[in-house]
Amino acid sequence: MEFLNGKRVLVTGACGTVGVELLRQLLTSSSYSPEEIIGIDNNESNLFFLDQEFLDDPRARFFVGDVRDIQGMRKRFEGIDVVFHTAALKHVILNERSPDEAVRTNVVGVQNVIDAALDNNVGRVIFTSSDKAVNPTSVMGTSKLMGERLMTAANSNKRNRSTVFASTRFGNVLGSSGSVFEIFKRQISQGGPLTLTDPEMTRFVMSISSAVRLVLNTAGLAKGGEVFITKMPVISIESLARVMTEVFAPVFGHDAETLSIEVIGSKPGEKLYEELMSDEETRRAIELEEYFVVLPAFRGIYHDIDYDYTSNVAGGVEKPYNSALEPRVSDEVLKSLLSEFELTGIRTEKPDSRYWPGDKEERS
């Protein structure tokens, strides 16, 4: 992680699940020693509380901003070395209802980040994508796929600039805002029933801390134009419902035996399995110890980049990375994962500190 030492790092979508964890790891882990961390988000209220959380760290600065605003992005990217672009509209049904808004944020917003980075000769830009970008069935998935394509294409259009653009694609982050974990937990607290869409549904899962650590790692590995796919365990959603009932029912004062699981059917456009790498992508993929790396389809226009990584496991990949094709973990292993991910307790937030506007500026 030495490449981040002394660097100025900017995180878009700073108030989102991934954005917040990125900031926390960069500011609190001994593995990183950046000179400055800038967080940008259009959620003014959450940004205010995030600012308070890091009041005592002079490296952390926060600004209201929106990736739809190209002039604002150009201004904030001045002097920045590394950008982690996590800002996005991510809820499938809301994107379906407002596809124009999805395009403005998830497509035009990505291009704005690219243009601002090129204008300021930023060193690296890492885009956080989603499993829904693979064989997309929704506006949200299609917009994230387009974001990946724009990031890859940016490497062929940068002319004499040295900016490296890459994407990282991962599946479900257990415990993230709006995840099935949070829905099940809320239903258990209310005494059930737990609503299961389909007993055969499977998903890749990981913890937020692991997801962000791997995002940070890809920033150091990236050569330009790749899509990094994080390797993850596979769970059955039915197994998750069972295990969560066993773990959380006593915490909320309920008898696990009395909580029922109700099958309600899958939602429109919802897949029974999760795809992180398609069959077509396997033909241009490399396997590393913790990732698969999908190389650009049109290699001839990417400046003869040498995609040589020190942790190569295999020269090629033979099958798509699909949760239906991977072994599922047992209930006991899943229970251990929840404990490892620090998701088995009830989180209590410490009271926010208070300060007057301008305190931080006066301290620095």
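Let me start with the largest nonpolar core of this predicted model, which has 54 residues, and in which Leu50, Phe84, Phe170, Leu216, Ile229, Met277 and Tyr309 touch the most other members. As a general point, nonpolar side chains in soluble globular proteins tend to be buried together. Two of those residues lead on to other parts of the structure, so to speak, and I will take Leu50 before Phe84. Setting aside neighbours within four places in sequence, Leu50 has contacts with Ala14, Cys15, Val20, Leu23 and Phe62.

Phe84 brings us to Thr12, since Phe84 is among the residues that Thr12 contacts beyond four places in sequence, the others being Ile40, Val67, His85, Thr86 and Ala87. Thr12 belongs to strand E1, residues 8-12, and is it buried or exposed? With a relative accessible area of 1%, Thr12 counts as buried, because the cut-off for that word is under 20%. Its side chain also has a polar partner, in that a polar contact of 2.7 Å links Thr12 to the side chain of His85.

Phe170, another of the core residues named at the start, lies on strand E6, which spans residues 164-170 and has seven of its seven residues buried. On one side of E6 we find Val164, Ala166, Thr168 and Phe170, on the other Phe165, Ser167 and Arg169, and both faces are covered. Which strands pair with E6? Strand E5, residues 124-130, pairs with E6 in the parallel sense over seven bridges, and within that pairing Ser129 has Arg169 as its bridge partner. Strand E10, residues 227-230, also runs parallel to E6, joined to it by three bridges, with Ser167 partnered by Val227.

From E10 we can carry on to strand E15, residues 291-294, for these two strands pair in the antiparallel sense over four bridges, and Val227 stands opposite Val294. In E15, Tyr291 and Val293 point one way while Phe292 and Val294 point the other way, and all of them are buried. Strand E14, residues 285-288, runs antiparallel to E15 and is joined to it by three bridges, with Ile286 opposite Val293, and the hairpin between E14 and E15 passes through two residues.

Let me turn to an open sheet of three strands, ordered E7-E9-E11, in which the pairing is mixed. Strands E7 (172-173) and E11 (234-236) are at the edges, and because each has a single partner strand, one side of each is left without a neighbour in the sheet. Strand E9, residues 202-206, pairs with E11 in the antiparallel sense through three bridges, and the partner of Phe204 in E11 is Val234. Helix H9, residues 237-248, lies across E9 and E11, at about 75° to E11.

Next comes helix H11, residues 331-340, and within it Leu338, which is buried with a relative accessible area of 0%. Beyond four places in sequence, Leu338 is in contact with Leu174, Phe181, Leu240, Val243, Met244, Leu343 and Thr344. Leu338 and Ser209 are 129 residues apart in sequence, and their C-alpha atoms are 13 Å apart in space.

A last word on confidence. The mean pLDDT of the protein is 90, and 92% of its residues reach 70 or more. Where does pLDDT stay under 50? That stretch is residues 348-354, for which the model has four contacts beyond four places in sequence.

Note on methods:
Residues numbered from 1 in each chain as written. Predicted model: local features only at pLDDT ≥ 70, side-chain atom pairs only at ≥ 80, totals over all residues. Heavy atoms only, no water. Buried < 20%, exposed > 50% of the residue type's maximum accessible area, 1.4 Å probe, protein only. Polar contact = N/O pair within 3.5 Å; in protein donor to acceptor, adjacent residues only side chain to side chain. Contact = heavy atoms within 4.5 Å. Pairing = 2+ DSSP bridges. Core = buried A, V, L, I, M, F, W, Y, C linked by side-chain atoms within 4.5 Å. Axes fitted to C-alpha atoms, helices over the stretch in contact; angles between N-to-C directions. pLDDT = per-residue confidence, 0-100.
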